[in-house]
Amino acid sequence: MIRRGQDRFRQVMPKGFGGGRGILIAIVVIIIGWLLTGIYRVQPDELGVVQRFGAYVRTEQPGLRYHLPAPIETVTKPSVTTQNRIEIGFSSGEGRAVPRDIPDESQMLTNDENIIDIDFVVLWRISDPVAYLFNIKNPDATVKVAAESAMREVIGRTEIQPALNEARGKIEQEARVLLQATLDSYGTTGQPGAGVVIDQVQLQKVAPPQQVIAAFDDVQSARQNQDQLRNDAETYRNGVVPTARGHAEQISQQAEAYREQVVAKAQGDAARFTSVLQSYRLAPEITAERFYLETLESVLKGSNKILIDDAIGGQGVLPYLPLNELMNRPAPAAAAKGGQ
């Protein structure tokens with residue numbers, strides 16, 4: 001076999017190149033060419049992961065580098081700055097104008113047992129090339145399956161109404177955190193994690209399935225009417241209840257004022273009676289006469305009075321002075337002026 005190989009080599013080489021020296025030179029050239037195959041360049045967005053007989057040896061930074069030629073050492077150069085994109089629930093590749101829906105990935109069950117159709121995108125980068133290459137077998141497929149599982153778990157804790165409206169941002173954030181935690185749990189003890197960082201989870205479409213969208217719209221319309229009626233009732237309540245509370249407070253204050261008035265009057269009457277009683281005990285006759293005079297004053301104050309004094313002359317007929325008429329008669333000057 002060696003002799004046949006030498007004969008073939010002589011046939012390929014030019015004349016005069018045969019012999020031991022020529023073979024040695026050829027071997028040296030081959031070895032030098034083989035060694036030169038270890039020269040490689042790491043681009044600025046890459047890192048070089050060098051393996052020796054399949055085992056990890058080192059990581060090379062960007063620039064012109066060298067490793068022992070294959071099959072001794074090999075190098076893998078993953079891009080660590082490129083942002084990768086994974087589509088779940090739909091596919092926009094192959095130049096499609098309208099993305100192709102994938103129901104097996106997009107249809108999920110909510111917490112209130114409704115089916116919802118969700119399309120979303122996961123943006124991720126390589127954070128650790130060693131863990132990325134050696135801890136997970138198929139990185140793209142692993143990230144996609146883990147992302148779908150995380151989204152299903154988050155949707156399973158969310159009801160359909162918040163998922164369709166105000167909870168989109170919350171769903172994106174919770175799915176991103178859960179997906180990152182899942183990927184970080186992969187790997188070995190010495191090199192934990194999948195070497196992947198999740199930049200963002202973006203919801204593209206959140207809607208009920210196409211087959212039930214008409215019935216879902218009817219339900220939405222009924223709920224909107226319910227909300228409108230509830231708002232009207234709340235407005236009416238906000239108008240009636242404060243008014244009723246105001247009236248109740250007014251009545252309560254009036255009753256409180258009346259109570260204070262009655263109590264104060266009763267206390268004043270009691271104090272006055274006590275004072276009069278003490279005065280009566282000190283001078284009963286004088287007090288009784290004062291009561292008599294005060295009573296006559298209150299009785300006669302508003303009535304017409306004629307005073308007759310039978311002590312004048314002792315004749316029995318007394319002069320009469322019409323005081324009431326004189327008091328009500330106009331003054332002479334006023335009467336003269338009125339006559340003019």
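Start by selecting Arg-259, which is partly exposed at a relative accessible area of 42%. Here, buried means under 20% relative accessible area, exposed means over 50%, and partly exposed is in between (1.4 Å probe, protein chains only). Now add Glu-260: its side chain meets that of Arg-259 in a salt bridge, 2.8 Å from N to O. The term salt bridge stands for a side-chain nitrogen of Lys or Arg within 4 Å of a carboxyl oxygen of Asp or Glu. Glu-260 is also partly exposed, with 42% relative accessibility.

Before moving on, a word about the model. It is predicted, so local features need pLDDT of at least 70 and side-chain atom pairs count only at pLDDT 80 or more, while totals for chains, interfaces and linings use all residues. Residues are numbered from 1 along each chain as its sequence is written, and side-chain values use heavy atoms, leaving out hydrogens and water.

**The whole chain**

Zoom out and colour by secondary structure: the protein chain has 11 helices and 11 strands. Both are DSSP runs numbered from the N terminus, with helices (H or I) of at least four residues and strands (E) of at least two. Of the 340 residues in the protein chain, 24% are buried. If you switch on a surface, the accessible area of the protein chain is about 23900 Å², and 57% of this belongs to carbon and sulfur atoms. These areas come from the Shrake-Rupley method with a 1.4 Å probe, and for residues only the protein chains shown count as cover. Among contacts in the protein chain with a separation of 6 or more, 65% are between residues 24 or more positions apart; contact means heavy atoms within 4.5 Å.

**Along helix H8**

Next, select helix H8, residues 213–282. Pick out Arg-237 and Glu-234, which form a salt bridge with their closest N and O atoms 2.7 Å apart. The two residues are separated by about one helical turn, because they are 3 residues apart in H8. Arg-237 is partly exposed at 39% relative accessibility, and Glu-234 is partly exposed at 35%.

Then go to Asp-269 and Lys-265. Their salt bridge has its closest N and O atoms 3.1 Å apart, and both residues lie in helix H8, 4 residues apart, about one turn of the helix. Asp-269 is partly exposed, with a relative accessible area of 41%, whereas Lys-265 is exposed at 56%.

Side chains of opposite charge can pair when their charged atoms come close. Across the whole structure, a search finds 17 salt bridges. For a linked group, select Arg-52, Arg-58, Glu-60 and Glu-73, which are joined in a network of salt bridges.

**A nonpolar patch**

Now select Leu-24 in helix H2. Leu-24 is exposed, with a relative accessible area of 53%. Extend the selection to Ile-27, Val-28, Ile-31, Ile-32, Trp-34, Leu-35, Leu-36, Ile-39, Leu-64, Tyr-66 and Leu-68, and together with Leu-24 you have a nonpolar surface patch of about 1100 Å². Such patches are made of residues with over 30% relative accessible area and no salt bridge; nonpolar side chains (Val, Leu, Ile, Met, Phe, Trp, Tyr) are joined within 5 Å, like charges within 9 Å. Helix H2 (20–36) and strand S4 (63–66) each supply at least two residues of the patch, and H2 gives the largest share, 8 residues.

**Three single residues to finish**

Move to Gln-107 in strand S9 (residues 107–109). Gln-107 is partly exposed at 31% relative accessibility. Show its surroundings: beyond the neighbours within four places in sequence, Gln-107 is in contact with Ile-115, Ile-116, Asp-117, Arg-152 and Pro-209. Try a distance to Pro-208 too: 8.8 Å from C-alpha to C-alpha, although the two residues are 101 apart in sequence.

Select Thr-158 next, in the loop between helix H5 (139–156) and helix H6 (160–164). Is Thr-158 buried or exposed? Thr-158 is buried, with a relative accessible area of 12%. Its side chain reaches the backbone oxygen of Val-154 at 2.9 Å. Leaving out residues up to four places away in sequence, Thr-158 touches Thr-110, Asn-111, Ala-163 and Ile-171.

The last stop is Val-197, in strand S11 (residues 196–207). Val-197 is partly exposed, at 23% relative accessibility. Not counting residues up to four places away in sequence, Val-197 touches Leu-123, Trp-124, Arg-125, Ser-127 and Gln-180. Leu-183 is 14 residues from Val-197 in sequence and 8.5 Å away in space, C-alpha to C-alpha.

Methods: Polar contact = N/O pair within 3.5 Å; in protein donor to acceptor, adjacent residues only side chain to side chain.
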